[in-house]
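Subject: The structure you asked about

Hi,

Here is the structure, ready for you to open next to your notes. My reading of it follows below.

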Amino acid sequence: MKAAAFEYRRADTLAETLLPELNDKPVAGNQSLGPMMNLRLARPRRLIDIATIPELRKIVESPDHVRFGAATTHAEIEDGETPDPTNGWMRAAAGNIAHRAVRNRGTMGGSLAHADPAADWVIVLTGLEATVIVAGPVGERRIPMEDFINGPYTTDLGDSELLVAIEVPRPGSSARWGYKKFMRQVGEFAKASATVLIDPENDRHRCALGALGGPPVILADPLAIIEGSVSAADIVSAALSGRQLQSFSMHVAALESALASALGQQEDCA
Amino acid sequence: MTADRRLTLHVNGITHSCEVEPRMTLADCLREKLDLTGTHLGCEHGVCGACTVIVDGAAVRSCLMFAVQARDSMITTVEGLAASDTLSDLQQAFHDHFALQCGFCTPGFLTTAEAFLSENPSPTRGEVQSAISGNICRCTGYVPIIDAIVDTAKRRLESGK
């Protein structure tokens, strides 16, 4: 239960991180990579510590979005130390990630790069139509969240690329949101999760399911779900057909609950 | 390099210098290099909370932080909670409420609670419950631990501490 030997270097600038050698691994909070290393599921040759690189700590506000440096911690969002483009939705989600000691160190970028299918930011940032910004030797790439995660613990990041920022669009003033996750106990990874975004001013409507053992699933025809012309059970059953899921009914309930929360019919409880 | 490197750590108000391999966790460094064995290791993958210490005012899993990452940080372990040989008010409350039996998880609960109370000096019982949800105790059933933390918060507010 101790990590295998590795080299360690603290990077001070983004440029130093962009020409990695084989089996170099960027690390910030170490809350996902750390357990993997202690269990020897991950054995990087060298850790490049990116936690304090100024570009990765920077937050830039624009009229239509906020760009979060990838090394922004969950606790910084939870505590309102950063702007929240979603007027509290991100803050509430951040406050429910794992436990405070994990939130104090864990980062948004690290969570996305780790791409645990049951992680909060994976589903929440997909639900919010966020864009991931990735830097590599030839410059930056912008990847919508729904194209960033390819599978369980698998992303679109290239070997020489680093996730540098996450851009979250600002919803309109009448926008609504619901996020529900089921866990066996507080702080555990979700067994099922769902988000509902209703943003009429920007013509953005999205319903998504998470904790599916792979990338989140964005549901077709979100307006029909929001208007109630199709049932959650039918829509989830169509979206997940062919999958062997014990959690099917939990996903239906998560979607119903996220929808009720977005429509103002119940308090957001997780 | 994987070779040992010299590291300066600020722990409980004292500056220490030690040689560590990059792979040495902060928890192991505290225990083995600095002889601060009050910090306990349970699961070693961030689940049980036994190894929690306070780094720059925030509760942190010391099994998920490499010692080299703690350079320049101010660290408080369970040994640093009380000023002298007496117990801190929180430790005394744990004693008074029978909030420990075997004591293995206790350092992690104390550091978690201390960091929590510094962030939220007047918590509800529910907030206390949530704050310790990342720490596992197999003896007490948690209720006495929650009582002790709630009681400490109340006493601190009354005494204006």
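Let me begin with a single residue: A:L39 counts as partly exposed, because its relative accessibility is 37% and the partly exposed class runs from 20% to 50%. Please keep in mind that this is a predicted model. A:L39 sits in the loop that links α1 (33–38) and β3 of chain A. Not counting residues up to four places away in sequence, A:L39 touches A:M1 and B:H45. Its C-alpha is 9.2 Å from that of A:A4, although A:L39 and A:A4 are 35 residues apart in sequence.

A:R46 makes a nice companion to look at. This arginine is found in strand β3 (residues 46–49) of chain A. Is A:R46 buried or exposed? A:R46 is buried, because its relative accessible area is 13% and the limit for buried is under 20%. Leaving aside neighbours within four places in sequence, A:R46 is in contact with A:E7, A:Y8, A:R9, A:E21, A:N23, A:D24 and A:K25. A:R46 also lies 8.8 Å from A:A5, C-alpha to C-alpha, with their positions 41 residues apart in sequence.

Now the domains of chain A. The chain is divided into domain 1 (54–169) and domain 2 (176–262), and the C-alpha centres of these two domains of chain A are 20 Å apart. Each domain puts 24 residues into the contact. About 2000 Å² is buried between domain 1 and domain 2 of chain A, and carbon and sulfur atoms give 64% of that area. On the domain 1 side, A:W89, A:I123 and A:E129 supply 30% of the area buried against domain 2, more than any other three residues.

The largest nonpolar core has 34 residues, and those that touch the most other members are A:M90, A:L112, A:W121 and A:L125. Among the elements of chain A that give two or more residues to this core are β5 (65–69), α4 (89–94), α6 (108–114), β10 (162–169) and β11 (176–182). α7(A) gives the most, with five residues. Domain 1 and domain 2 of chain A each contribute at least three residues to this core. For a closer look, try A:L125: beyond its neighbours within four places in sequence, A:L125 is in contact with A:M90, A:M108, A:L112, A:A130, A:M145, A:I166 and A:V168. Apart from this core lies another one of 28 residues, including B:V60, B:M65, B:V68 and B:I75.

Next, the strands of chain A. Five of them form an open sheet in the order β4-β5-β10-β6-β7, with antiparallel pairing. Its edge strands, which pair on one side only, are β4 (59–61) and β7 (139–144) of chain A. On average, neighbouring strands in this sheet are turned by 20° against each other, direction ignored. Six bridges join β6(A) and β7(A) in the antiparallel sense, and A:I133 stands opposite A:R142 of β7(A).

Strand β12 (residues 192–199) of chain A is worth a stop as well. Eight of its eight residues are buried, so β12(A) is largely enclosed by the rest of the structure. In a regular strand, side chains alternate between the two faces of the sheet. Here A:A192, A:A194, A:V196 and A:I198 point one way, while A:S193, A:T195, A:L197 and A:D199 point the other way. β12(A) pairs antiparallel with β11(A) over seven bridges, one of its bridge pairs being A:G178 with A:V196. β12(A) also pairs antiparallel with strand β13 (residues 204–210) of chain A over seven bridges, where A:T195 has A:A208 as its bridge partner. Four residues lie between the strands of the β12(A) and β13(A) hairpin, in which A:D203 takes a positive phi near 55°.

Finally, chain B. Strand β4 (residues 58–61) of chain B is covered on both faces, with B:A58 and B:V60 buried on one side and B:A59 and B:R61 on the other. Four bridges join β4(B) to the antiparallel strand β3 (residues 52–55) of chain B, and B:T52 is paired with B:R61. Between chain B and chain A, about 2400 Å² is buried, 52% of it from carbon and sulfur atoms. In chain B, B:R23, B:L64 and B:Q69 lose the most area to chain A, together 25% of what that side buries.

Happy browsing, and best wishes!

Notes:
Residues are numbered from 1 along each chain as its sequence is written. Chains are lettered from A and ligands numbered from 1 in the order in which they are written. This is a predicted model: local features need pLDDT of at least 70, side-chain atom pairs count only at pLDDT 80 or more; totals for chains, interfaces and linings use all residues. Side-chain values use heavy atoms; hydrogens and water are left out. A nonpolar core is a set of buried Ala, Val, Leu, Ile, Met, Phe, Trp, Tyr and Cys residues joined through side-chain atoms within 4.5 Å. Buried means under 20% relative accessible area, exposed over 50%, partly exposed in between (1.4 Å probe, protein chains only). Domain bounds come from an automatic or database domain assignment. Contact means heavy atoms within 4.5 Å. Two strands pair if DSSP finds at least two bridges between them. Axes are lines fitted to C-alpha atoms, for helices over the stretch in contact, and angles run from 0 to 180 degrees between N-to-C directions. Buried area is the accessible area (1.4 Å probe) that two parts lose on being put together, summed over both.
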